[in-house]
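These are my notebook entries on one chain, written up in the order in which I looked things up. I start with the charged side chains and then turn to the strands and the interior.

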Amino acid sequence: MRIKEQLTIIMNVSNMINRNNIIRNLFVLIFSVLSLNNYAQSSERCTFPFVKDNRSNTLVVKSVVRGSESTTIDFCVRNTDVDGNSFEWVELDKNSYIEAEGVHYPLIKAIGIGISPDKTYFTDVNQEKSFSLTFPPISQDIKEINFIENVNSNWQIKGIELTSVREET
């Protein structure tokens, strides 16, 4: 083969590789966008859901987000109860869970609150702190969950309705 023919072959192969890379990159981009879109569609947020039974007068469910990867509950805790008693810190039991249709979903991650023995401290009376707890994913068909810190805790919120929304108070 002459050098000119070899160069022509090399250029043709190079062009094919570049075209294949462009096609491959385009395919990866389209797949990524579709995956993100599908993920966004597969999560559902219920803001300030109706609660049937809350044993705590200091803990409020702000929202529940159900996704394909996890279920996250956003809470707000106030360090002064309805009787005017205040406390300096809060902590969460590592065995906290949500319950749906008799199945327990254990705590995976906590953001903004200490896991016992670690504590989260308040600096003022009547202060509020927000925190998020992440659990395994629950089915989109589930209409109601319970949050249980532990069986001896006042932090038991039962009948968190995932289909209703109440106005923020």
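**Entry 1: ground rules and a first question**

Which residues are linked with Lys52 in a network of salt bridges? Before answering I note that this is a predicted model, in which local features need pLDDT of at least 70 and side-chain atom pairs count only at pLDDT 80 or more, while totals for chains, interfaces and linings use all residues. I also note that residues are numbered from 1 along each chain as its sequence is written, and that side-chain values use heavy atoms, with hydrogens and water left out.

The network links Lys52 with Glu144 and Glu161. I took a salt bridge to be a side-chain nitrogen of Lys or Arg within 4 Å of a carboxyl oxygen of Asp or Glu, and by this rule I found five salt bridges.

**Entry 2: the salt bridges in turn**

I looked first at Lys52 and Glu161, whose side chains meet in a salt bridge at 3.8 Å, N to O. Lys52 lies in strand E2 (residues 51–54) and Glu161 in strand E12 (residues 156–161), so this pair ties together parts that are 109 residues apart in sequence. For burial I used relative accessible area, calling a residue buried under 20%, exposed over 50% and partly exposed in between (1.4 Å probe, protein chains only). Lys52 counts as exposed because its relative accessibility is 52%, whereas Glu161, at 19%, counts as buried.

Next I looked up Arg66 and Glu44, which form a salt bridge of 2.6 Å from N to O. Arg66 belongs to strand E3 (residues 59–66) and Glu44 to strand E1 (residues 44–47), so the two tie together parts that are 22 residues apart in sequence. Arg66 is buried, its relative accessible area being 3%, while Glu44 is partly exposed at 30%.

I then turned to Arg45 and Asp74, where the salt bridge spans 3.6 Å, N to O. Since Arg45 sits in strand E1 and Asp74 in strand E4, the pair ties together parts that are 29 residues apart in sequence. Arg45 is exposed at 53% relative accessibility, and Asp74 is buried at 16%.

**Entry 3: the fold as a whole**

I counted one helix and twelve strands in the chain, taking helices (H or I, at least four residues) and strands (E, at least two) as DSSP runs numbered from the N terminus. Along the sequence the helix comes before the strands, in the pattern α-β-β-β-β-β-β-β-β-β-β-β-β. Of the contacts with a separation of 6 or more, 60% are between residues 24 or more positions apart, a contact meaning heavy atoms within 4.5 Å. Buried residues make up 34% of the 169 residues.

**Entry 4: strand pairing**

How many bridges join strand E4 to strand E10? I found eight, with E4 (residues 71–78) and E10 (residues 128–135) running antiparallel; strands pair here if DSSP finds at least two bridges between them. Val77 has Lys129 in E10 as its bridge partner. E10 is also joined by three bridges to strand E8 (residues 109–111), again antiparallel, and there Ala110 stands opposite Leu133.

I followed strand E6 (residues 97–100) to strand E7 (residues 103–106), an antiparallel pair joined by four bridges, in which Ile98 stands opposite Tyr105. The hairpin of E6 and E7 has two residues between the strands, and Glu101 takes a positive phi near 50 degrees in it. E6 also pairs with strand E11 (residues 144–148), antiparallel over three bridges, with Ile148 in E11 as the bridge partner of Tyr97.

**Entry 5: a buried leucine and the cysteines**

I looked up Leu59, found in strand E3, and it is buried with a relative accessible area of 1%. Leaving out residues up to four places away in sequence, Leu59 touches Asn54, Phe75, Cys76, Val77, Phe131, Phe147, Trp155 and Ile157.

How many disulfides does a search of the whole structure find? I found zero, with a disulfide taken as a pair of cysteine sulfur atoms within 2.5 Å. Among the cysteines I looked up, Cys46 is buried at 4% relative accessibility, and Cys76 is buried at 13%.
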